[in-house]
Amino acid sequence: MNKKVAVLKGDGIGPEIVNEGLKVLEIIEKKFNHKFETTELYFGGASIDKFGVPLTDDTLNVCKNSDAVLLGAVGGPKWDNVDKEKRPERGLLKIRKELGLFANLRPTKLFKELKNSCPLKEDIIKNGIDFVMLRELTGGVYFGKKETKVIDGFAVATDEMRYDENEIRRIGVIAFETAIKRNKKVASIDKSNVLDTSKLWRKIMHELSEKYSDVEYEDMLVDSASMQIIKNPSRFDVVVTENMFGDILSDEASVLAGSIGTLPSASLGKTKLGLYEPIHGSAPDIAGLNISNPIGTVLSVAMMLRYSFDMESEAKLIENAVEKVLADGYRTTDLYVEGTKKLSCSEMGDKIASAIEYNN
Ligand code: IPM
Ligand code: MG
């Protein structure tokens with residue numbers, strides 16, 4: 001199969017982790033006789049330095065004409081003081097919006113090999129942790145009207161939080177459909193005791209839950225959900241929530257997997273074109289040292305093969321290779337504990353690539 005992949009390495013550790021993702025992609029290409037045509041493009045701070053904006057129209061057009069986008073991470077202290085409209089993060093929000101990627105899938109899975117890296121007690125994790133967070137990605141307070149002005153001598157800032165029923169319904173449908181393929185449970189998270197957007201969210205989710213009567217459904221308030229993720233993570237299968245709650249809760253959930261460095265994500269819309277990125281940031285403090293963890297990016301490549309290219313066996317092969325390398329005791333610095341073998345970022349990429357090459 002022939003597929004076009006736009007590659008946005010971004011800033012900080014972005015380039016080094018994406019290089020390992022591409023290494024894995026090349027092995028899959030050879031092993032399965034696919035053709036992956038990759039186009040590297042400037043993005044985030046790197047694009048600000050080169051073109052003055054985090055995402056140019058040209059870059060956006062190449063992405064729109066690709067089958068998938070593979071992204072590293074954006075941002076860093078160097079661009080902290082640029083005009084807010086031009087910050088690296090703006091590029092990320094713009095590309096999500098322009099590509100219509102309203103559904104962000106963030107799986108949280110604790111590999112049994114990493115049990116010791118999970119900060120929770122043995123008793124809490126004995127039933128395993130394996131859930132998917134579905135974060136709405138193109139609405140809510142992230143995209144509402146923003147304003148800062150002075151009223152009667154005082155500075156006043158406003159961020160509008162807005163959702164319409166269609167935006168809620170389409171992410172809800174994905175949540176229920178995802179649950180059907182998993183353990184048939186959906187937890188919808190809101191703040192309906194305070195917010196109107198949450199009341200509407202809950203109403204639409206209830207309508208859907210009546211249609212999907214095979215799926216066990218529960219509502220949960222976001223404050224309580226943040227406790228449940230720590231107290232009883234095994235209860236979750238599919239978690240669906242709005243943009244900002246999802247941003248916060250997915251970082252919380254990532255800690256359960258041992259290191260945020262291991263977690264991938266997929267951002268999907270109405271078409272097959274998706275954007276794939278690890279959920280961690282650009283970690284400027286360790287950039288260029290070759291000590292970052294490429295697993296989140298490698299697993300994002302697996303999600304790309306699964307969701308954008310319908311290559312399930314190729315995706316599984318990558319996921320199995322990651323588990324094998326961990327089972328063999330190899331770890332990057334973030335996961336290293338005594339008794340394991342420490343690898344650099346590129347060595348971890350090599351190990352995963354050869355596990356793919358020599359296994360079926
Ligand atoms: C994420 C990040 C972004 C977000 C930032 C960098 C804008 O935290 O993907 O979770 O808040 O969506
Ligand atoms: Mg975040």
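Helices α11 and α12 are oblique to each other. That verdict comes from a predicted model. The reasoning is short. Helix α11 covers residues 312-327 and helix α12 covers residues 345-357. They pack at an angle of about 120 degrees. Angles of 65 to 115 degrees count as roughly perpendicular, and those over 145 as roughly antiparallel. The angle of this pair falls into neither class, so α11 and α12 are called oblique. Their axes lie 8 Å apart, and the crossing is right-handed.

Now look at the side of α11 that meets α12. L317, I318, A321, V322 and V325 come from α11. M348, K351, I352, A355 and I356 come from α12. By class, this contact holds 9 nonpolar residues, no polar ones and 1 charged residue.

Helix α11 has another partner. Helix α10, residues 295-307, packs against α11 at an angle of about 160 degrees. The axes of α10 and α11 are 7 Å apart. The angle makes α10 roughly antiparallel to α11. Here the crossing is left-handed. From α10, the contact takes I295, V298, L299, V301, A302, L305 and R306. From α11, it takes E312, E314, A315, K316, I318, E319, V322 and L326. These residues divide into 10 nonpolar, no polar and 5 charged. I318 and V322 of α11 appear in the contact with α10, and I318 and V322 also appear in the contact with α12.

Move towards the N terminus for the next pair. Helix α3 spans residues 57-64, and helix α4 spans residues 88-98. They pack at an angle of about 40 degrees, with axes 11 Å apart. Angles under 35 degrees count as roughly parallel. At about 40 degrees, α3 and α4 are therefore oblique to each other. Their crossing is right-handed. In α3, the contact residues are D57, L60, C63 and K64. In α4, they are K94, I95 and E98. This contact has 3 nonpolar, no polar and 4 charged residues.

Helix α4, residues 88-98, also leads to the ligand. Ligand 1 is surrounded by E89, L92, R96, R106, R135, Y142 and D247. Which side chains place a polar atom beside an oxygen atom of ligand 1? R96 does, with an N or O atom of its side chain 2.7 Å from a ligand oxygen. R106 does too, at 2.9 Å. Y142 has a polar side-chain atom 2.6 Å from an oxygen atom of ligand 1.

Technical notes: Residues numbered from 1 in each chain as written. Chains lettered and ligands numbered in written order. Predicted model: local features only at pLDDT ≥ 70, side-chain atom pairs only at ≥ 80, totals over all residues. Heavy atoms only, no water. Axes fitted to C-alpha atoms, helices over the stretch in contact; angles between N-to-C directions. Helix = DSSP H or I, 4+ residues; strand = E, 2+ residues; numbered from the N terminus. Left-handed = near helix turned anticlockwise from the far one by under 90°. Contact = heavy atoms within 4.5 Å. Nonpolar A, V, L, I, M, F, W, Y, C, P; charged D, E, K, R; others polar. Near = heavy atom within 4 Å. Polar contact = N/O pair within 3.5 Å; in protein donor to acceptor, adjacent residues only side chain to side chain.
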